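Let's take a walk through a protein model together. Have the sequence and the 3D view open as you read.

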Amino acid sequence: MTRDPSRLLYAKSHEWADISEDSEGKVATIGISSFAIEQLTDLVYMDLPTSGKKVQAGEEFGEVESVKAVSPLYSPVSGEIIEVHSDLPENLDGLKDDPYDFGWIIKVRISGVGDIDGLMDHAAYQRQCSEEGG
Amino acid sequence: MRNTQSTRLIFEMSRPGRRAHRLPPIDVPPIDIEGADDAALGDDGASAVRRLFEPSQLAESPPALPELAEGDVVRHFVNLSTLNMSVDTHFYPLGSCTMKYNPKRNERIASLPGFAHVHPLQDESTIQGLLAVLYELQEMFAEISGLPGVSLQPAAGAHGELTALMVAAAHFRSIGQNRDVVLTADSAHGTNPASAAMVGYETRTVKSQANGMVDVQDLKAKLDDRVAVFMLTNPNTLGLFDSQILEITRCVHDQGALIYLDGANMNAILGITRPGDFGADLMHYNPHKTFSGPHGGGGPGAGPICVRDFLAKYLPQPIVVRDGDRYRLQADGSDSIGRVRSFFGNVGVLVRAYCYIRTYGGEGLRRVSEDAVLGANYLLSRVKHILDVPHGDRCMHEFVASASKLKKARGLTAMDLAKRILDYGFHAPTVYFPLVVDEAVMVEPTETESKETLDAFAEALFRITEESAAMVHEAPHTTRISRPDDVAAARRPIVRWEPGAPN
Amino acid sequence: MTGYLFHTDEDRRAMLAAIGAESVQQILDAQVPADVQLRRTLRIGDATDELTLESEMRSQAAKNASLGSHICFMGGGAYDHFIPAVVDELAGRGEFYTSYTPYQAEVSQGNLQVMFEYETLVTQLTGLAVSNASLYDGGSAAVEAVLMAIAAGKGRTRVITSSAVHPHYRQTLATYLENLDASCVTVPLDATGTSTAVIDAIDGDTACVLIQHPNFLGRLEDVRAIADAAHAAGALVVHVFDPVSLGLLKRPADLGADIAVAEGQSLGSPLAYGGPYLGMMACREELIRRLPGRIAGQTIDRRGKRCWVLTLQTREQHIRRDKATSNICSNQALLALRATIHLSLLGPEGLRETATHCALKTDYARRRFAQSDRFELVHEQAVFKEFVVRDRENDVRGWMSLATEQGILAGVPLEPWYPELSDCFLVAVTEKRTKAEIDRLVALEHAAAAV
């Protein structure tokens, strides 16, 4: 079940979204990109929401901290959080080593239809990263 | 020879039955032998105590504090003290912290019983000498700032900021204006936005220009009738006096907003210019910086504030006032925001500040700032040949260099420089602040350092840039510990000792 | 020039030459606009040499009644407890008191280890899991605790407190809450001087109950019952405690407190007319990321050696700015050092002994006041080291001023804060007081007649 970064969608704020479909509609699995993790340096703490919470696209749903910085996590889509990777805060090295599979953070049942249109594909996201990284 | 036992914790040194402190026998008679004045308590009062309290209130045993002999305690803390760098032992050019010499005479004066051992609720008639000192200090702070209303109550600079913003909020409430935004500079200390949030304000950030001054266009764009206060640091955190100061204060006042001056950098301008004269409406001092109160390893400080006349009625109370040759505490103003802490203020710190100001007098204080500016500019003239100094050839009392080029060329960061300079026997400059300078190295020499010390510091900095990268990355080499693992500390916080913990 | 400057005229010339400036004034003129420069000398007097200054300050100090001249029965949140000589000697070392916040851990292990030891001592005292490295004072610590509870309360905005909490702490809380979306309800004292009425005031919107035990009037509260009621309603309990009382009384955690705060002046700091003092704060483990102020933690260095650092700094203002847990930056490290030394000297038995002296001497003083003609006790029930006395002649100020003339600071009048107790005052008896001093205090009941 290896997730291929090149087939994911990305938000400007460095979250990735993997859109899948089940009987009830579309679900986005959300994480943060390896580029973002590298920029944050050593992660020390993560604050996650509880499932059942509603989020809007662009809204903060949690936080990740390094020793000297705090970065908010923004949801790329609107909907209801249906699952939270609650083991993740205890396994931050796992997040660093494997951000796209082990490192998933939340799953959101998408309510808004148009949200996904605003997200970047992998190529566009890579261009953004190379601009920021330079 | 360093005593390696000194880093055992007091809890690890503890041995059951050791004791350093013992009181005389209890000389009052217990309840059931009233009248028998000389009766001794056979069991250290334990049974008498049990008769005074409900069993549900009493602990079965006292807290499990460590048990030590007096000699243990003395050797332990003396040895720990030797693991610190301090102003008494080292050059401490920590930018924005004004680590100047802390006069010993002020310590002796502040410890006189008439200052150090006075109860905070004593009647004002019993503390006329102390109130005279505090009254004069209020007057001095007003004169130095050019702002006549003074409160000595706030406990630290950040507390002064908070108090001043509460004063501003009370003012706007009283004139019926609903302003809910505070502007802060992007180069400002983090306390500015944090204080604003604690008074319920939304914060907006005003940008700096490339030359470090306030971007007045951006300020104007962010000013509207929702803005209550612009919090300004001048000289700013880059050590530069903003030459547009009158334009800045004018356009803020034109919008009906107030100017708050963060007085962290007052050491640059004593007797040279006054916040009240350049348009500030409220400000705080850091007497533990500017007026030489010792920092105590992180405190105590004090955060007295000064305000314009029309804001004085909102200040916290009490305030010392003079009636002829008597002094009294005024606390009857109905417009006052109220208290911001218990009792009068950090009087011990204030008495030291008073002694410092008296020692220099008016001409001397100006000389203090002139020498602080001279020292900083001299060090800048030497450091600019070693590191990039992005904001020009001149500064006030401090300057900010950047290790950015060194990082690109040799992989050496501001943090590496800071750690390696410790090996040369100097405390590190402030690094990574202000946030607007990449790889910032912020140097504040103060007026109480000699030219020889400044030369030696510049020489050490130069030698470090010539050293092998490996040598610098691994620094410090001569301190008791090497670089600590901050990541492990934050991931699994160990914030107390527990019995049986490995050492 | 008196003062602490270094540069000789020759130094100044050499430094200006290196800078490439003619004078300091020229450097200033290039930066400070001419129309804001001060063209006169500050009117704060002339320079004063050390001998003159000390002599003047000694004469100002001598005008004040102090522990050096008077026997002190005053309390109300600041107490005349004994300070062993070791505390002054060690805390007076320049390596401690002239250092800064330990941001460079490698050259601050002394201060950091002291902070870690202090935090551990506070957890031992309170029974709670974590402590910060200090706040400004008891009053602002109480307010910070309430703000913490409101933040943890996820939308709850009510704070319940009682008149039996220190009036300055309540006033400080009111000042802070004025600009925030929260309100405070203060319940009145009951007949025995305690706060049982807070239980009925707790509701579903209550973020926390702020309670002091032993309270401002010296009385013991039923913290356990209040905590049970608060917890049942989903509210937190902020307990203002007296560190000395913990030599005898149950610890805040054992009574159900979620956050415990105290004025730590009693632990080795001088009265100093109100400051600098020591704000102590401890809380349950799960609230650690809401703690304001600095925290020292244990870690290892690159060679695996145990050491200490400032940790969890992302809570603080220099990183999180407007979203920080508090704006606090400077704390009271030197006073925390004093408390650490003080508690190291006392140990468990010394703390128990100190608390026992306070309790028994207070009880003796109460019996003497009860036997007097002029005075009566307002509350018969248990107190720790402080209690309320009524003056049947209703001349508290007059009597106090007479006592001051006799060399005794007799107590704290309650009239400024408690209209119903306007003929009453608060008497505090610490371990320093002797039977003879207590007898002298009560014997002053007749002194008024002698004038």
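Below we look at confidence, chain contacts, the core, one helix and one sheet.

This is a predicted model, where local features need pLDDT of at least 70, side-chain atom pairs count only at pLDDT 80 or more, and totals for chains, interfaces and linings use all residues. Residues are numbered from 1 along each chain as its sequence is written, with chains lettered from A and ligands numbered from 1 in the order in which they are written.

First, confidence. pLDDT is the predictor's confidence in each residue, from 0 to 100. Chain B averages 94, and 96% of its residues score at least 70. Over residues 35-39 of chain B, though, the pLDDT is below 50. Where pLDDT is low, the predicted coordinates should not be read in detail.

Now the chain contacts. Two residues are in contact if their C-beta atoms, placed from the backbone, lie within 7 Å. Here is what chain C does with each partner:

| Partner of chain C | Residues from chain C | Residues from the partner |
|---|---|---|
| chain A | 4 residues | 4 residues |
| chain B | 171 residues | 177 residues |

On the side of chain C that touches chain B, the largest share, 24 residues, comes from helix H12 (residues 333-371) of chain C. Helices (H or I, at least four residues) and strands (E, at least two) are DSSP runs, numbered from the N terminus.

On to the core. A nonpolar core is a set of buried Ala, Val, Leu, Ile, Met, Phe, Trp, Tyr and Cys residues joined through C-beta atoms within 7 Å; buried means that 20 or more other C-beta atoms lie within 10 Å of a residue's own. The largest core has 355 residues, and C:Val146, C:Val209, C:Val238 and C:Ile259 touch the most other members. Helix H11 (residues 347-383) of chain B gives the most to this core, with 20 residues.

Which residues of helix H10 (residues 223-232) of chain C are buried? They are C:Val223, C:Ile226, C:Ala227, C:Ala229 and C:Ala230. These cover an arc of only 165 degrees around the axis (taken from the directions from the helix axis to the C-beta atoms), so they sit on the same side of H10(C). They pack against helix H9 (198-201), strand S5 (206-212) and strand S6 (236-241) of chain C.

Last, a sheet. Four strands of chain C form an open, antiparallel sheet in the order S11-S12-S15-S14; strands pair if DSSP finds at least two bridges between them. Strands S11 (375-377) and S14 (412-413) of chain C are the edges, each pairing on one side only.

Terms used. A residue is buried if 20 or more other C-beta atoms lie within 10 Å of its own, exposed if 12 or fewer, and partly exposed in between; C-beta atoms are placed from the backbone.
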